[in-house]
Amino acid sequence: MVHDGYALIERTLRAAGGGFAARLVSANRDAQRYEMLELRVVADRVPDFPGPLAGIDALLQACEAPVLLTLPTDLRKLPDDLVERLLSMGEGGAVAHDARGLQPLVAIWPVARARIAVAAALASGDAAVHRVVAELALPAVRFDGADFGNLNTPEDFLT
């Protein structure tokens, strides 16, 4: 999918900027497409596509840094200072909060603690990302006035 002249993954990469130890993408198909963007492709470890938490689980297991930044590719608009402000919270992690509320997929995850919490949630059958964020007590970074939006339907791409 393309929005504002770029593939969604390319828009997200541009918004994130550089300076990361590695750039990973959670993907269960089209690996070659992502590898062409110099991304390390990480597939779910849990079968049957149980949702975004399975992707976070796989990324946490592949992450060699103390923190992991996650950004979904279907966001309409990310603030220019998003990554900087989330990272400013330190290695304890943080989660974004926009005009619509908590955005649990826009987060800095403390890898060691999150690996345990995410694996336990998946093992229990609870794949709700917001519950893991709450369990980890990730502080919310407020982006007052910002609305990250979503690009989920064909109509979303027209506005």
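**Strand 7 and its surroundings**

Valine 95 sits across from alanine 107, a residue of strand 7. That pair is a friendly place to enter this predicted model, with strand 7 as the guide. Strand 7 covers residues 101-110, and valine 95 falls within strand 6, residues 94-98. The two strands run antiparallel to each other and are joined by 5 bridges. Between strand 6 and strand 7 lie 2 residues, and together the strands make a hairpin.

Strand 7 also has strand 5 as a partner. Strand 5, made of residues 67-70, pairs with strand 7 through 4 bridges, again in the antiparallel sense. Here valine 67 has proline 110 of strand 7 as its bridge partner.

How much of strand 7 is covered? Most of the strand is, with 8 of its 10 residues buried. In a regular strand, side chains point alternately to one face of the sheet and then the other.

The next topic is the nonpolar cores. The largest nonpolar core holds 23 residues, and those touching the most other members are Leu53, Leu60, Leu68, Trp109, Val118, Val132 and Leu136. At least two residues of this core come from each of helix 3 (52-62), strand 7, helix 5 (111-124) and helix 6 (129-136). A second core, separate from this one, has 15 residues, among them Val83, Val106, Val141 and Phe143.

A closer look at leucine 136 rounds off the picture. Setting aside neighbours within four places in sequence, leucine 136 is in contact with Trp109, Arg113, Ala114 and Ala117. Of these, Trp109 also appears with Leu136 among the core residues that touch the most other members.

Conventions:
Residues numbered from 1 in each chain as written. Predicted model: local features only at pLDDT ≥ 70, side-chain atom pairs only at ≥ 80, totals over all residues. Heavy atoms only, no water. Buried < 20%, exposed > 50% of the residue type's maximum accessible area, 1.4 Å probe, protein only. Helix = DSSP H or I, 4+ residues; strand = E, 2+ residues; numbered from the N terminus. Pairing = 2+ DSSP bridges. Core = buried A, V, L, I, M, F, W, Y, C linked by side-chain atoms within 4.5 Å. Contact = heavy atoms within 4.5 Å.
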